[in-house]
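Colleague: Got a minute to walk me through this one? I'd like to hear about the strands, the surface and any empty space.
Modeller: Happy to, let's pull it up.

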Amino acid sequence: LVFSIYANTLTAKQVDKLIATADKVRVDSCSFTSPNIVLIIGESYNRHHSSQYGYVMPTAPRQTKLEHKGRLVKYTDVVSPWNLTSFVFKHIFSLYTVGDKGEWCDYPLFPELFRKAGYHVTFITNQFLPKAKEAVYDFSGGFFLNNPKLSAAQFDTRNTELHQYDEDLLEDYDKLQSQDTENNLIIFHLLGQHVSYRQRSPKDRKKFKGDDYKELKPGLNARERQILADYDNAVLYNDSIVTEIVKKFENKDAIVIYVPDHGEECFEGDMHFFCRMHSAKVDARLA
């Protein structure tokens, strides 16, 4: 109870700062070089489990195909500032950069700038919607997205439902697409490969089984191999979601950017560990 009171007091101060900053946002001009900008924010993505980055299991066939066609640019030098979604979201949405003076809430939120510039901003999330009985990370990561004043300052259009699978976000966009204007910023926030991995892909979309890893990971027991298979199936399913979003904009003047919020361990090397370790001190392993 004491922690709850403390957390609400702290976020209330941050909301006040963000609202004050939002009122000061000004945009001098905008060339609309990219009339449609699509940002896909993934979740718990480990590139060491992506065949696009050399992983032995075929977990990213569609994105690899786009790359071979010259329609996708693969980055290899992107590092997340945290391995906690709530912390990462504050850094992604704020113009604050690690090392800047002050705190993240002292700076404008980037969707505010796009709205001021004349973009119609749509936010479609499968995690941070206002709801009862929020988990602490939902509260910590979403309070500045769901505050009524800050939400209105950032977004013109939002979805209203959470879904078991990310494919339903595509239907959400189909329903909201009529509200798009000449210039649009569209943000998709996926559930991605967030634990529990088994629940992150439909039964009829699962390709990998625990027994497929007996030779690849002989040191794992049957339970661990199944967890690994579940994670890889989630990566494969995520590949299909990202590609389907790309398809919705392939006939438009658009740029699509896909960036996960953070990584996730899943039995790399000799590690008998999956998910994430959390610490206030970010070392090389956490990064």
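**Cavity, strands, surface and pocket**

Modeller: Let's start inside: Q164, Y165, D166, L191, G192, R200 and Y237 line the largest cavity. Keep in mind that this is a predicted model.

Colleague: What volume does the largest cavity have?
Modeller: Its volume is about 30 Å³.

Colleague: And how many cavities of 30 Å³ or more does the structure hold?
Modeller: One.

Colleague: On to the strands. Is strand β2 largely enclosed or open?
Modeller: Strand β2 covers residues 120-125, and six of its six residues are buried, so the rest of the structure largely encloses it.

Colleague: Which residues of β2 point which way?
Modeller: H120, T122 and I124 point one way, while V121, F123 and T125 point the other way. Residues on both sides are buried.

Colleague: In which sense does β2 pair with β4, and over how many bridges?
Modeller: The pairing is parallel, over six bridges, with β4 made of residues 184-189. If you want a spot to look at, H120 sits opposite N184 of β4.

Colleague: How about β2 and β3, how many bridges there?
Modeller: Two, again in the parallel sense, and β3 is residues 157-158.

Colleague: Which residue of β3 is the bridge partner of T122?
Modeller: That's T157.

Colleague: Let's do β1 too. How many of its residues are buried?
Modeller: Seven of the seven, so to speak for residues 36-42, and the strand is mostly covered. On one side you have N36, V38, I40 and G42, on the other I37, L39 and I41, and both faces are covered.

Colleague: What's the pairing sense between β1 and β4?
Modeller: Parallel, over six bridges. There, I37 stands opposite L185 of β4.

Colleague: And over how many bridges does β1 pair with β5?
Modeller: Seven, also in the parallel sense, with β5 spanning residues 254-260. One place to check is I41, which stands opposite V259 in β5.

Colleague: Changing topic: which residues make the nonpolar surface patch?
Modeller: F3, Y6, L10, V136 and Y137 make it, and the patch is about 540 Å².

Colleague: Which helices supply at least two residues each to that patch?
Modeller: Those are α1, residues 2-22, and α5, residues 136-146. The most comes from α1, which gives three residues.

Colleague: Where is F3 placed?
Modeller: F3 is in helix α1.

Colleague: Does F3 count as buried or exposed, and why?
Modeller: F3 counts as exposed because its relative accessibility is 55%, and the cut-off for exposed is over 50%.

Colleague: Last topic, pockets. What's the volume of the second largest pocket?
Modeller: The second largest pocket has about 240 Å³. Its lining has 15 residues, and R62, L66, T243, E244 and K247 are the closest to its centre.

Colleague: Which elements give two or more residues to the lining of that pocket?
Modeller: They are α2 (61-68), α7 (167-176) and α8 (222-247).

Colleague: And where does the largest share of the lining come from?
Modeller: From α8, which contributes six residues to the second largest pocket.

Colleague: How does one find where empty space is left, in general?
Modeller: You roll a probe the size of a water molecule over the atoms, and that shows where the empty space is.

Colleague: Great, thanks for the tour!

Note on methods: Residues are numbered from 1 along each chain as its sequence is written. This is a predicted model: local features need pLDDT of at least 70, side-chain atom pairs count only at pLDDT 80 or more; totals for chains, interfaces and linings use all residues. Side-chain values use heavy atoms; hydrogens and water are left out. Buried means under 20% relative accessible area, exposed over 50%, partly exposed in between (1.4 Å probe, protein chains only). Helices (H or I, at least four residues) and strands (E, at least two) are DSSP runs, numbered from the N terminus. Two strands pair if DSSP finds at least two bridges between them. Patches are made of residues with over 30% relative accessible area and no salt bridge: like charges are joined within 9 Å, nonpolar side chains (Val, Leu, Ile, Met, Phe, Trp, Tyr) within 5 Å. Accessible areas come from the Shrake-Rupley method with a 1.4 Å probe; for residues, only the protein chains shown count as cover. A salt bridge is a side-chain nitrogen of Lys or Arg within 4 Å of a carboxyl oxygen of Asp or Glu. On a 1 Å grid over the protein atoms alone, a cavity is a set of points where a 1.4 Å probe fits but cannot get out, and a pocket is an open set with protein on both sides within 12 Å along at least five of seven lines; lining residues have an atom within 4 Å of a point. Grid points are joined across faces, edges and corners, and a volume is the space filled by probe spheres set on the points.
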